[in-house]
Amino acid sequence: MSLTINHQTNDISATSGSITLDGSAVGGGSAGGPHGTLLQTITISSNITNIDIGSSSLFTTTYSHYRIVGTDMTLAGSDPYLWLQMRRGTTWDTTTNYIYTMLRIESNTTYSVGGGNQLGFQMSQYQYATAGYNGQYNIDIFNAGSTSYETIAHFKNLAINGTAPSLCIGAGRYPHTDAITGVRLKRHYNYFNGGVVKLYGVG
């Protein structure tokens, strides 16, 4: 038997016999999908300042790569900053232990921010709370469960600033080799009031 793959349609055909694809291996099934294995879903339906994601039983050495996806994220009021902070053990690190760089692309102009001794990874700027606007967050985290390597992350987030689409991309380094037991998304001045956040184990 031979297999033929049509790279334009992604169809797979066989000259004879049958083939079986493992749904979990190719990212299918209810626990799979394009992002990996779904580990946690958080639905926001009221005003909250922080979204706390994961736990010591979810951030383990099973995966070296985790992905957080936030869809249809809305705010109670316009807010300039979205932050990411880490938890080690049972304590959230709200001190100046973070290093990041971020580039914002908006209205044919680029803006860059970042540096060391920060209170978290700044992952976006200027999300408006205008009706009909929302934000989309895509965050990849590496080495969260490791005690040998520092936790690092990169992110790509889209929001609306005034009437302009605002794309923020960047990376962060958390200079500790303790295992991470949680990740927090935090608004600077205002509240999240809608959206769905999902945590995936990727690989």
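**Exercise 1.** In this predicted model, work out whether Leu-39 counts as buried, partly exposed or exposed, and find what it touches.

*Solution.* Start with the accessibility: Leu-39 has 26% relative accessibility. The cut-offs are under 20% for buried and over 50% for exposed, so Leu-39 lands in the partly exposed class. Next, place it: Leu-39 sits in strand β3. Now for the company it keeps. Leaving out residues up to four places away in sequence, Leu-39 touches Leu-58, Tyr-63, Tyr-66, Leu-199, Tyr-200 and Gly-201. Take Leu-58 from that list: 19 residues separate it from Leu-39 in sequence, while the C-alpha to C-alpha gap is 7.1 Å.

**Exercise 2.** Find the strand order of the eight-stranded open sheet, then explain why one side of β3 and of β9 has no neighbour in the sheet.

*Solution.* Read the strands across: β3-β15-β5-β11-β12-β13-β8-β9, paired antiparallel. Then look at the ends. β3 (37–44) and β9 (109–118) are the edge strands, and each has a single partner, so one side of each goes without a neighbour in the sheet. From one strand to the next, the twist averages 10 degrees. Now zoom in on one pairing: β12 (residues 151–161) and β13 (residues 164–174) run antiparallel and are joined by 11 bridges. For a concrete check, pick Ala-159, whose bridge partner in β13 is Ser-166.

**Exercise 3.** Which residues form a nonpolar patch on the surface with Leu-103?

*Solution.* First, locate Leu-103: it belongs to strand β8 (residues 98–106). At 30% relative accessibility, Leu-103 counts as partly exposed. Its patch partners are Ile-105 and Ile-169, and together the three have about 190 Å² of accessible area.

Conventions: Residues numbered from 1 in each chain as written. Predicted model: local features only at pLDDT ≥ 70, side-chain atom pairs only at ≥ 80, totals over all residues. Heavy atoms only, no water. Pairing = 2+ DSSP bridges. Helix = DSSP H or I, 4+ residues; strand = E, 2+ residues; numbered from the N terminus. Axes fitted to C-alpha atoms, helices over the stretch in contact; angles between N-to-C directions. Patch = residues over 30% accessible without salt bridge, like charges linked within 9 Å, V, L, I, M, F, W, Y side chains within 5 Å. Areas by Shrake-Rupley, 256 points an atom, 1.4 Å probe, with all protein chains shown as cover. Salt bridge = Lys/Arg side-chain N within 4 Å of Asp/Glu carboxyl O. Buried < 20%, exposed > 50% of the residue type's maximum accessible area, 1.4 Å probe, protein only. Contact = heavy atoms within 4.5 Å.
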